[in-house]
Amino acid sequence: MTTILMASHQDPVDLWRDALAMEMPELEFRAHPDGGNLAEIDYALVYWAPHGLIASLPNVKAVLSIAAGCDHILADPQLPPHLPIVRMVDDFLAAMMAEYAVYGVLHFHRDMHYYRREQLQSQWSRAWPLYTPDTSVGILGLGAIGGDCARKLGALGFQVHGWSRGPKSMEGVICHHGPDGLLEMARQCRYLVCVLPLTGETRGIINERLISAMPKGGFIINIARGGHQVDDDLLAGLDSGQLGGVFLDVFNQEPLPSEHPFWQHEKVWLTPHVAGELMPRSCAKSVAANIRRIEAGEPALDLFDKERGY
Ligand code: NDP
């Protein structure tokens with residue numbers, strides 16, 4: 001019998017139990033804190049599990065992340081160092097993230113921020129639109145999620161740029177890479193969308209340097225992690241007019257403290273970390289596929305790479 005223990009304070013246990021039962025009826029499902037005999041647990045399926053929980057599973061073979069990022073696992077100081085960690089890569093998650101990216105870009109591109117202000121003053125005032133084929137969007141991170149964002153924004157007729165760590169080629173996307181590539185891309189883009197993993201190299205990457213490289217009045221959409229943005233630099237960019245607006249789903253501190261200036265800022269649009277949800281009925285497929293691979297002695301797909309940090 002193969003046994004999985006789920007530990008998450010926010011994911012729906014019942015939906016995960018049902019979805020895994022459909023995909024892998026032979027798997028025994030348990031949910032923390034009712035893990036039973038912890039020596040029987042083969043896999044941990046986690047999102048912000050209590051620190052020390054994974055270390056208390058003597059026979060666990062892998063940690064499966066209920067998130068694309070693995071920051072919530074690495075934050076556990078007692079995490080056994082050699083345990084394989086499997087990221088969540090899921091088409092529906094990528095599609096949801098791309099929906100948000102497209103929505104954020106279109107919100108600004110179709111002047112919804114402007115029309116809302118005008119509406120509140122009962123003003124019938126038309127803004128002249130930009131020509132979409134001349135308008136560039138830059139995607140920071142061209143992975144499973146960024147690639148889908150790039151394709152969908154390209155299908156809407158934008159000129160799409162993308163930035164990755166190593167060189168990449170993607171049909172219809174002007175690709176940049178490495179530290180120089182970032183500013184080269186930012187200089188050309190009215191809109192930037194961040195879908196990077198949070199690593200030592202990407203923390204604080206949405207900063208004064210990046211903002212000032214963009215054309216004046218540009219817009220940033222961050223749906224990756226709050227640690228990518230330097231809050232004071234965003235606020236300074238917004239207040240000086242260098243930035244026309246930002247759409248933020250993620251924050252340095254979550255929940256965003258009630259006194260934070262983002263809440264009331266007229267150029268900030270924010271949501272409480274909801275850009276991409278992990279739907280059990282879709283994500284259970286990759287969890288089951290990876291367990292089957294590990295049980296067959298094959299490496300899991302989408303293994304977290306400790307050297308790269310993502
Ligand atoms: P992937 O690992 O598939 O892709 C990561 C991309 O970022 C790759 O293109 C990679 O480059 C690039 N990258 C990494 N480091 C650098 C760097 N130093 N410089 C330039 N490019 C870099 O990740 P996913 O697309 O699956 O997920 C991205 C992130 O989105 C997650 O880590 C998570 O934090 C966030 N997320 C947020 C959600 C939300 O609800 N707000 C939901 C889901 C995900 P290369 O191609 O060269 O490797």
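Modeller: A polar contact is a pair of N or O atoms within 3.5 Å. The structure discussed here is a predicted model.

Colleague: Which residue places a polar side-chain atom 2.8 Å from a nitrogen atom of the ligand?

Modeller: A polar contact requires a pair of N or O atoms within 3.5 Å. A distance of 2.8 Å to a nitrogen atom of the ligand is found for a polar side-chain atom of one residue. That residue is also listed among the closest to the ligand, together with G166, K168, I223 and Y310. The residue is E201.

Colleague: How many residues surround the ligand?

Modeller: Among the residues with polar atoms beside the ligand is A144, whose backbone N or O atom lies 2.9 Å from a ligand oxygen atom. Another is H273, with an N or O atom of its side chain 3.5 Å from a nitrogen atom of the ligand. The number of residues surrounding the ligand is 30.

Colleague: In what order do the 5 strands of the open sheet stand?

Modeller: The pairing in this sheet is parallel. Strands β2 (27-31) and β5 (85-86) each have a single partner strand, so one side of each has no neighbour in the sheet. These two strands therefore stand at the edges. The order is β2-β1-β3-β4-β5.

Colleague: Which residue of β2 stands opposite T2?

Modeller: Strand β1, residues 2-8, pairs with β2 in the parallel sense over 5 bridges. Opposite T2, the residue in β2 is L27.

Colleague: What angle does the direction of helix α1 make with that of β2?

Modeller: Helix α1, residues 13-23, packs on the sheet and touches β1, β2 and β3 (43-47). Its direction and that of β2 make an angle of about 175°.

Colleague: How many residues of helix α3 are buried?

Modeller: Helix α3 covers residues 91-109 and reaches 26 Å from its first C-alpha to its last, close to the expected 27 Å. At its start, a side-chain oxygen of D90 comes to within 3.3 Å of the backbone nitrogen of F92. The helix is followed by D111, which has a positive phi near 60°. Since buried means under 20% relative accessible area, α3 is mostly covered, and the number of its 19 residues that are buried is 14.

Colleague: What is the bridge partner of N222 in β11?

Modeller: Strand β11, residues 243-248, is mostly covered, with 6 of its 6 residues buried. Strand β10, residues 218-222, pairs with β11 in the parallel sense over 5 bridges. The partner of N222 in β11 is L248.

Definitions and conventions
Residues numbered from 1 in each chain as written. Predicted model: local features only at pLDDT ≥ 70, side-chain atom pairs only at ≥ 80, totals over all residues. Heavy atoms only, no water. Helix = DSSP H or I, 4+ residues; strand = E, 2+ residues; numbered from the N terminus. Expected span 1.5 Å × (residues − 1). Buried < 20%, exposed > 50% of the residue type's maximum accessible area, 1.4 Å probe, protein only. Polar contact = N/O pair within 3.5 Å; in protein donor to acceptor, adjacent residues only side chain to side chain. Pairing = 2+ DSSP bridges. Contact = heavy atoms within 4.5 Å. Axes fitted to C-alpha atoms, helices over the stretch in contact; angles between N-to-C directions. Near = heavy atom within 4 Å.
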